[in-house]
Structure formats: structure tokens, C-alpha cells
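Work through the exercises below with the coordinates open, attempting each task before reading its solution.

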Amino acid sequence: YGLYDYLRNSIQQLELSQRKAALIVPAFETLHYRLTFPKSKAELLSMLDMGSLYTFRYHVWPKGHAPTDYAKWRTATVPYRVAWQPDFEPYVVVRRDCPKYDQRFVGFGWNKVSHIMELDVQEYELLVLPNAFMIHMPHAPSFDISKFRLSAGYRGCLQTLREEFHQDLSRRYGAAALKYLTAERSL
């Protein structure tokens, strides 16, 4: 409720048209097919404490959203900056002239991760909005995630695309892109 207006106000207040910033909308999820959507952050926090909501993918892929720093978000009243970490894939609001998603990553795997890496290498600020949130509802697995889970060939192709993406980042951004390759190798 009210997310669109909140985002528009945040874009103006943070002067997004004048700076390179990605506004992060913290993501949560429910395992219930029916949910009374919280009308406020306070209601969401209550549902989180009661166990009817969870931080997004915490039980499957915590690295994807952990850099959002949900503990800090609970009490935040102003936007706060977070640092890029490997496999970070938040939902973001950015200017139209930001880098586009890499078209190599269609289907399942690495579309948001590669996008955030490119934003980070271009020195976008990653700002978490303190009063924004979204809730992912359960649904059947997509065809592409099923292929990822069942096919070594699919996973191998994705790994090849990741390596190619790293090489392209290095060619375009030089030494600034080394941290992504180092992070990938340490995983």
C-alpha cells in the first residue's frame, strides 16, 4: 500500500535524477497462498516476528538478499547505504539510463546478480529504502528453474556465461572489475 507514491517521493527527495543510485526495496516472502497484505512497516514487522513472513529466500539462497541488512532495516528511518557482496540480487528502482540487464542471462540464474555488479562497478550507490517492502507469494517452480535444478548442461552453460560476463567486465572496466572475479573465485 502506498509504495508507488513512496517511491516517487524518495526519487525526488534523494535527487535520483542527479545521482547514480539504486534504491533497494527489501523483499520478504510467505509460504501461505493467502495473505492479508500488511498496510505498514509496523504490520510487516509484526508478521515477521510471528513467523507468517520471512526475509526473502533466507532458507534457500540467503546470499541473494543478506546485504540488504534486514536487522538495520527494522529500525531504519532514513535510507542507508549498503555495499555490494557476491551474489547480491536485490530488487531495485533505478533511472532509465542505468545499465541494462545483460541479455545473456535469460531464464533462471544471474540476471539480477550481473545487473547489480554492473551498477556497482559504475559506482552506483546502493540505498535501502526504510519504508518500502515487497512480498513474494508462493507459486509453482518455473520451467527454467526446473531445468537449472535438473540439468548439468544448463548449469554448465550458466557457468560459461558467468565467466564470459566477468571477462567482459574486466575489458570494459579494467582493475575496477577485479573484485568481482576475486569474489567469484573465493566462493
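**Exercise 1.** Identify the buried residues of helix H2 and decide where they lie around its axis.

*Solution.* Step one is to list the residues of H2 that are buried (under 20% relative accessible area, with exposed meaning over 50% and partly exposed in between, for a 1.4 Å probe and protein chains only), and these are Lys41, Leu44, Leu45, Met47 and Leu48. Step two is to take the directions from the helix axis to the C-beta atoms, which define the arc; the buried residues cover an arc of only 160° around the axis, which puts them on the same side of H2. An α-helix has 3.6 residues a turn, so residues three or four places apart point the same way. Step three turns to the face directed away from the buried side, where the exposed residues Ala42, Asp49 and Met50 are found.

This is a predicted model, in which local features need pLDDT of at least 70 and side-chain atom pairs count only at pLDDT 80 or more, whereas totals for chains, interfaces and linings use all residues. Residues are numbered from 1 along each chain as its sequence is written, and side-chain values use heavy atoms, with hydrogens and water left out.

**Exercise 2.** Find what the buried side of H2 packs against, and follow Leu44 into the core.

*Solution.* Helices (H or I, at least four residues) and strands (E, at least two) are DSSP runs, numbered from the N terminus. With contact taken as heavy atoms within 4.5 Å, the buried residues of H2 pack against S2, strand S3 (54-55), H3 and strand S7 (134-136). Leu44, not counting residues up to four places away in sequence, touches Phe28, Pro38, Leu53, Trp73, Phe133 and Ile135. A nonpolar core is a set of buried Ala, Val, Leu, Ile, Met, Phe, Trp, Tyr and Cys residues joined through side-chain atoms within 4.5 Å; in the largest one, which has 35 residues, Phe28, Leu44, Trp73, Met117 and Leu126 touch the most other members. Helix H4 gives the most to this core, with 5 residues.

**Exercise 3.** Describe how strand S6 is paired and covered.

*Solution.* Two strands pair if DSSP finds at least two bridges between them. S1 and S6 run parallel and are joined by 4 bridges, with Leu23 opposite Leu127 in S6. S4 pairs with S6 in the antiparallel sense over 3 bridges, and here Val82 stands opposite Leu126. In a regular strand the side chains alternate between the two faces of the sheet. Both faces of S6 are covered, since Glu125 and Leu127 on one side and Leu126 and Val128 on the other are all buried.

**Exercise 4.** Work out which parts of the chain two of the salt bridges tie together.

*Solution.* The criterion is a side-chain nitrogen of Lys or Arg within 4 Å of a carboxyl oxygen of Asp or Glu, and the structure holds 14 such salt bridges. In one of them, the closest N and O atoms of Arg19 and Glu125 are 2.8 Å apart; because Arg19 lies in the loop between helix H1 (3-13) and S1 and Glu125 in strand S6, the pair ties together parts that are 106 residues apart in sequence. Glu125 counts as buried at 17% relative accessibility, while Arg19 is partly exposed at 25%. In another, Arg74 and Asp49 have their closest N and O atoms 2.7 Å apart; Arg74 lies in helix H3 and Asp49 in helix H2, so this pair ties together parts that are 25 residues apart in sequence. Asp49 is exposed, with a relative accessible area of 55%, and Arg74 is partly exposed at 31%.
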